[in-house]
Amino acid sequence: MSTSDDKAKEVSAEADVSAEAVDEVETASPPKVNEKKQDNGGLGFIILFFIIGLVGSLAVGWWIFPKLLYSQKKQPIDFNHVLHVGTVEEGCESCHYFREDGSFSGVPKLAQCVDCHEEVMGEDPEELKFVEEYVAKGKEVPWLIYSRQPDSVFFSHAAHIKMGKVDCVICHGYIGESTHSRVYEENRFTGYSRDIWGKNIAGLKKNTWDRMKMDDCAECHAENRAVPKTVETLPWPISWMPRPYEKPASSQIRVHIEKDACFVCHK
Amino acid sequence: MKVSRRSFLSLIIGGAAGTALSPLPAKLMDDSAIWTQMWPWTPVPEDGEVSHVDSICTLCPGGCGITVRKVNDRAIKIEGMKGHPVNDGGICVLGLSGLQLLYGPTRVKTPLKRIGARGEGRWEKISWDEAIAEVVKKLGELREKGKSHTVACISGADRGTVAHLLGRFLTVYGSPNFIRIPSIQDSYELTMYLMQGVQASVGFDVENADFVLSFGSGLIEGWGSPVRMIKANSIWKEQGKVVQIEPRLSNTAAKSDKWIPINPGTEAALALGIAHVIIQKSMYDTNFVNNYSSDFEEFKQIVLNEFSPDDVAKITGVSASTIESLAKSFARASKPLAVCGRGQGETPGSLNEFMAVHALNALVGNINKKGGVWAVPDPDYIKWPEVEMDRVAADGRNKARIDGAGSKRYPDTRYLLDRLPDAINSGKDYPIEALFVVGANPVYTIPDSNAVKEAFNKVPFVVSFSSYMDETAANSDLILPNHVFLERYEDVPTPVGLQKPIIGLAKPVVKPQFNTKHVGDVILLIAKSFGGRIADAFPWESYEACLKKTLGNKWDKLINDGFWSDSNFKPAVWESAFSTPSGKFEFLNKGGAESIKIEGDKQSYPLILIPYDSMRLASGFIGAPPFAIKTVEDTVLKGKEIVVEVNPKTAKEFVEGRHAILSTPKGQAKVRIHHFDGIMPGIVALPRGLGHTAYDEYLVDKGINFNELIGPVEDLVSGLNAAWGIRAKLTRA
């Protein structure tokens with residue numbers, strides 16, 4: 001890139017040429033004054049356009065792009081977690097339980113809901129809709145899953161919840177305290193939920209549950225020195241965005257790649 | 001003031017700077033990585049609850065146990081069932097690809113009625129009620145006219161409840177024409193009957209044999225129960241020897257301890273030559289021969305006079321010294337076993353050959369012994385009351401069978417499907433007015449495809465029960481699609497070649513995916529529509545109820561374990577093993593050891609065409625699924641063109657990989673040449689299982705069907721097809 005001095009020289013040289021051309025046509029006019037005026041106006045414009053470009057693209061990048069990237073979707077049924085958690089006996093695990101083989105059930109299937117909702121129980125129109133449209137027809141509810149990871153990610157709930165004693169809230173936030181289903185924002189490009197990247201388009205987060213990217217896995221694993229080590233031992237930062245958190249002072253993330261490290265999570 | 005080029009550049013630079021300072025590039029880059037995982041053509045099984053269902057694979061007569069992994073309601077993978085007596089966790093390429101037969105594009109999704117010409121492929125969707133009414137109307141008309149015997153049924157099996165229901169229906173309806181698809185089972189059953197006097201299937205205690213003499217059997221290429229044989233082959237590697245006798249270096253030959261190339265079709269002579277040496281050197285089991293066999297002296301005279309190693313060497317091309325050393329090794333082995341039936345055993349073969357090979361087993365006394373050949377009785381769990389026939393049915397049943405089985409000429413043979421096309425085309429006996437095909441694809445699998453098609457065209461009413469649009473279904477008038485094997489209940493009695501009686505239970509792994517019906521239920525519905533004695537013979541509400549009642553107290557075990565086996569089973573001891581007129585093993589050899597003459601004369605057709613089988617190509621009722629066809633090498637199928645193997649000496653004038661025209665008395669085809677040192681000169685080998693004209697785009701029009709180039713050759717004693725090849729010639733394309 002040329003320096004600003006170079007730029008000025010180039011500009012004035014060019015102005016000289018145009019001045020000569022003018023001389024040839026209009027012999028009498030004093031060229032110096034005109035040259036000066038044009039020069040100032042041109043520079044102003046250049047700066048103005050630079051600013052327009054800069055501000056415009058910043059606006060696009062920070063404001064319009066996220067709006068375009070995500071579509072807003074409503075859950076098929078507005079679900080009240082508070083109401084349900086109050087009724088069931090075992091908290092989250094009443095509906096989101098571990099199967100016999102240790103795999104995690106995730107979002108309940110219709111069969112589970114039908115255990116209670118064979119008939120309409122309350123007066124909520126959403127429940128009526130649920131019973132009429134899904135229970136009566138035996139159709140699964142097409143729930144939109146906020147925390148669904150891309151297919152390349154292997155995540156075991158059992159390893160984290162049962163062995164690591166990680167609380168649900170650490171990753172999923174206080175979803176159990178919601179009375180309505182919030183809007184599901186789907187990435188039009190990838191088809192995944194906005195919750196994975198996080199609400200903040202810059203990737204900043206305040207809470208552990210604000211983002212669910214690989215860096216977030218690594219952060220927690222580094223802090224807790226949790227096995228498998230491979231998660232915390234990547235030699236390069238995955239994201240080039242500024243990290244919103246301080247690395248644990250006591251430990252540097254060590255460069256230590258074990259064989260097959262990637263395949264612990266990327267089967 | 002005007003906007004200059006410089007201002008525009010400045011705008012771009014500002015824009016670029018702003019974009020770089022925004023999260024857009026990073027975010028889009030990240031998203032594009034994730035986007036690559038969302039391509040719709042990348043198959044990703046759905047997430048959900050994993051479960052496993054045990055069942056039995058019925059894609060071939062091997063009867064392997066399978067465990068199907070499911071996620072929610074979707075079957076994801078078929079694996080071999082651990083602990084199953086046949087395959088213990090193993091599975092073959094066809095079984096592994098079974099899901100493509102469940103979810104693939106080749107299925108018939110609803111009953112179809114032909115509206116165009118036969119084979120044109122124009123169909124009308126009809127309801128099950130209409131379809132059954134159609135069948136009942138046609139069968140009713142025939143029965144009223146006293147033509148019930150003109151109805152025939154071709155079935156893939158004759159054991160198990162489905163086959164018994166079919167047979168029962170034909171009986172009570174009044175037709176003698178229940179015909180099973182031919183295979184080496186026919187020859188082996190007949191051998192057992194003639195030499196041992198028992199109606200039993202043949203079982204081989206292969207796991208315990210330590211010297212296996214195979215007369216062309218594709219031991220690891222689909223002969224018997226394929227997975228079991230491959231496992232047995234691993235045992236032999238450790239503690240046994242395999243000698244493979246055949247004109248071509250097959251995979252079995254390549255993996256054997258010794259490969260003996262032989263002039264094709266002369267295996268019976270070689271067996272008797274070996275018998276000659278064993279008898280001459282008194283290496284036979286004297287206890288068995290002296291006490292439990294009859295007419296040994298007569299057999300001995302024939303063998304000693306006519307089959308000296310020198311004579312046999314001339315016939316077979318195997319040197320006399322090799323014959324002697326083979327005989328010695330066989331007789332001296334502690335548990336020798338001789339088997340026959342070429343390739344996967346789909347052609348019955350000549351009875352002489354089977355009897356000659358079985359005589360070898362008798363000479364070394366391995367009948368019903370550890371590591372030997374066992375007579376395995378069918379598990380007799382089907383105990384239905386005798387049917388009561390009305391007069392029409394009794395008259396119909398008294399008519400002679402259309403295929404000539406059980407006739408004066410072939411009194412002991414039970415089914416002769418290979419004779420059916422000729423019987424229909426020649427019109428010598430009576431015409432067949434209606435034909436039912438269950439679990440079989442005769443238009444593809446029976447030799448002389450043109451004659452088979454012609455015969456089909458002469459039958460005015462053909463009903464196929466196939467789940468797939470196979471060649472037979474495509475040439476029928478009505479298709480009543482059966483559930484595929486992963487959607488239905490079915491009992492699977494002792495798999496082919498197993499040495500102990502077991503019953504397997506195929507269970508529905510998933511719900512029926514389409515508007516199909518179990519063939520057992522369809523038979524019940526048809527019978528009930530008739531009323532009277534026909535309906536009385538079928539007192540069950542549904543096939544499932546019938547199966548459950550028939551299996552009685554075995555049902556619970558079958559549901560839990562997937563199979564039932566008689567743990568106390570032991571083969572009959574020699575004192576009581578033989579039910580021949582003499583009560584002993586009979587060495588009699590009904591027609592001498594004449595080799596079967598194949599079709600074609602030597603002048604016009606200087607070469608001999610033989611087929612070969614491969615584990616990668618299903619050549620039976622089921623077509624090879626896409627996964628399997630993907631594994632076929634370029635030396636078998638190059639693009640859509642079939643490749644034939646020829647010895648470089650024979651194919652001097654043909655360049656490797658170039659085209660040639662292969663002609664036989666039955667037809668001709670364009671092929672590619674592959675020079676193969678592992679095949680005897682003068683022989684051309686063609687893979688079986690290709691050349692489908694039906695099924696899906698992955699299989700159709702790939703190569704040619706061997707059955708289009710060969711016709712059946714009748715065995716003089718049994719009437720079964722004994723053609724092991726056909727004369728052929730290669731000309732430049």
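Which residue in S7(B) stands opposite Ser155(B)? I started my notebook with this small question, and the residue I found there is Arg180(B). Before going on, I remind myself that this is a predicted model.

**Entry 1: the strands around Ser155(B)**

I looked up the pairing next. Strand S6 of chain B covers residues 151-155, and S6(B) runs parallel to S7(B), with 4 bridges joining the two. I then traced the sheet they belong to. It is an open sheet of 7 strands in chain B, with mixed pairing, and I read the order as S5-S4-S17-S16-S15-S6-S7. The edges are held by strand S5 (123-125) and strand S7 (177-180) of chain B; each has a single partner strand, so one side of each has no neighbour in the sheet.

I also checked what packs on this part of the sheet. Helix H6 of chain B, residues 161-173, lies across S6, S7 and strand S15 (434-438) of chain B. I noted its direction too: helix H6 of chain B runs at about 170 degrees to S6(B).

**Entry 2: chain B as a whole**

Stepping back, I counted 26 helices and 28 strands in chain B. Is its radius of gyration in agreement or at odds with that of a compact globule? For 733 residues the globule value would be near 27 Å, and chain B has 29 Å, so the two agree. I set beside this the box that its C-alpha atoms fill, roughly 125 × 65 × 55 Å along the principal axes.

Burial came next: 56% of the 733 residues of chain B count as buried. I looked at contact range as well. Taking contacts in chain B between residues at least 6 apart in sequence, 74% join residues at least 24 apart.

**Entry 3: domains of chain B**

I wrote down the division of chain B as follows:

- Domain 1 takes 112-182 + 384-561.
- Domain 2 takes 185-378 + 571-586.
- Domain 3 takes 607-732.

I picked domains 1 and 3 of chain B for a closer look, and found their centres 31 Å apart over C-alpha atoms. Their contact uses 23 residues from domain 1 of chain B and 19 residues from domain 3 of chain B. On the domain 1 side, the elements giving two or more residues are helix H18 (442-445) and helix H20 (471-474) of chain B. I sorted the residues of that side by kind: 10 are nonpolar, 7 polar and 6 charged.

**Entry 4: where the chains meet**

How many residues of chain A are in contact with chain B? I found 33, which meet 28 residues of chain B. On the side of chain A, helix H2 (residues 31-69) gives the largest share, 17 residues. The residues of chain A on this side divide into 18 nonpolar, 12 polar and 3 charged.

**Entry 5: two backbone oddities**

Most residues other than glycine have a negative phi. I noted two exceptions. Lys165(A) has a positive phi of about 55 degrees, and I found Lys165(A) in the loop between helix H6 (157-163) and helix H7 (168-172) of chain A. Tyr695(B) also has a positive phi, of about 70 degrees, and lies in the loop between strand S27 (683-687) and strand S28 (726-732) of chain B.

Which of the two is buried or exposed? Lys165(A) has 7 C-beta neighbours inside 10 Å, so I log Lys165(A) as exposed. Tyr695(B) has 25 other C-beta atoms within 10 Å, so Tyr695(B) goes down as buried.

Key
Residues are numbered from 1 along each chain as its sequence is written. Chains are lettered from A and ligands numbered from 1 in the order in which they are written. This is a predicted model: local features need pLDDT of at least 70, side-chain atom pairs count only at pLDDT 80 or more; totals for chains, interfaces and linings use all residues. A residue is buried if 20 or more other C-beta atoms lie within 10 Å of its own, exposed if 12 or fewer, and partly exposed in between; C-beta atoms are placed from the backbone. Two strands pair if DSSP finds at least two bridges between them. Two residues are in contact if their C-beta atoms, placed from the backbone, lie within 7 Å. Axes are lines fitted to C-alpha atoms, for helices over the stretch in contact, and angles run from 0 to 180 degrees between N-to-C directions. Ala, Val, Leu, Ile, Met, Phe, Trp, Tyr, Cys and Pro count as nonpolar, Asp, Glu, Lys and Arg as charged, and the others, Gly among them, as polar. The radius of gyration is taken over C-alpha atoms; the globule rule is 2.2 Å times the number of residues to the power 0.38. Domain bounds come from an automatic or database domain assignment.
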